[in-house]
Amino acid sequence: GAIAALTRPLRRTPAPEPFGADAPAITVFFSALNEEENVVRRLDNIFDTEYDPARVRVIVVSDGSTDATAERTRAYIEQHPDRRVTLVDLPENKGRAHAQNSIPALADTEIVVSTDADATFQRDTLPKLIAPFRDPQVSAVGAVVVYQDRGNSSVAYGYGKYRKVERMLRSWESELGILVKVDGPCLAYRLSIWEEIRPFEDVDQVICLWAKIKGVRAVQADEAICYDWANQTPAQEVKQRARMTRKALLSTFNRWGPRETLAHPGFTLALWLHKLVRFFSPVLVVVLVASGSAAFGAPFLAVGAAVGVGAAVSSRLRQGVIAFYWAQVSFFRGLQSWVLGDRTGSYTPTRKVGAPR
């Protein structure tokens, strides 16, 4: 209906045609911490592509894994001599930033695709992700990541609704040349814009900032679809969103100062309205509730009571309220750790936090 039409990605410029025989060689990279159950599946998935597999090289960084991640990767390399796979086996966990910073020295291609061990590509994901690089001004491309629900989780339901709006906003920003964020499970960039990242940064948080500063384009490839798993439990949601909130704030304020703000006011406005304001929403909610109660008294409380009754009757509304609550808790935790100066870089994969796996 109307909501579906509003949240459908908008495209005024036709999607570029995927490369054919002239497809550039690419390097696909992912970091793996104790991913013995995933690493073979992930490698097979990457090479099961409409992109010429002979032009695909994969680098796996086993980031201090204590399971059989490295061993299974080595066995895969031996079993598939026709596939270009490189293993970097780190003896201790260094964090994603360290792994990302190692790629420029290892990659022998101009274009790098960064992904996750738990993500899944469609067969046409890579061709459609790389197609925008036909434009030499395009130096960063983000895919559309669809987060799947393993069960009837309120957290996953709420996040799915949020992602539909997020996809629409990014499509608009991409068209306007002010895309401020792409997703870590599937993004591509030219090595020419790479800068070393700090331990508290992630490439998905800074790649659009680099592109804008360097005068090149970052775009969303609306037709390039990647799948990942949505959080299922409040513990997972709080851990992941709090970490992402903290790292987004640290990354942005580390890279985007007064000079950049003055040079790119339109981009800065999008950065604040789309990316940063949401992290301060717990404070805004408290202010709204306090001011509404003071200004309107009983009518304001009646509205709140009506929402509560509606949530008790409607399972969908209840799921939405629960998801909103946990999102606010997550943002608050992230703000708190940011204010307290937490600059931790390494972390355990979120799904391993009480995950029903």
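Helices here are DSSP runs of H or I with at least four residues, and strands are runs of E with at least two, both numbered from the N terminus. What we are looking at is a predicted model, in which local features need pLDDT of at least 70 and side-chain atom pairs count only at pLDDT 80 or more, while totals for chains, interfaces and linings use all residues. Residues are numbered from 1 along each chain as its sequence is written, and side-chain values use heavy atoms, with hydrogens and water left out.

Let me start at the surface, where F253, L269, W272, L273, V277 and L284 make a nonpolar patch of about 580 Å². Such a patch joins nonpolar side chains (Val, Leu, Ile, Met, Phe, Trp, Tyr) within 5 Å, from residues with over 30% relative accessible area and no salt bridge, a salt bridge being a side-chain nitrogen of Lys or Arg within 4 Å of a carboxyl oxygen of Asp or Glu. Areas come from the Shrake-Rupley method with a 1.4 Å probe, and for residues only the protein chains shown count as cover. Helix 10, residues 265–276, gives the most to this patch, with 3 residues. L269 sits in helix 10, and L269 counts as exposed because its relative accessible area is 53%, where exposed means over 50%, buried under 20%, and partly exposed in between.

Now to S65, which is found in the loop between strand 2 (56–63) and helix 3 (69–79). Is S65 buried or exposed? S65 is buried, since its relative accessible area is 16%. Beyond its neighbours within four places in sequence, S65 is in contact, meaning heavy atoms within 4.5 Å, with A32, L33 and N34.

Notes: Patches are made of residues with over 30% relative accessible area and no salt bridge: like charges are joined within 9 Å, nonpolar side chains (Val, Leu, Ile, Met, Phe, Trp, Tyr) within 5 Å. Buried means under 20% relative accessible area, exposed over 50%, partly exposed in between (1.4 Å probe, protein chains only).
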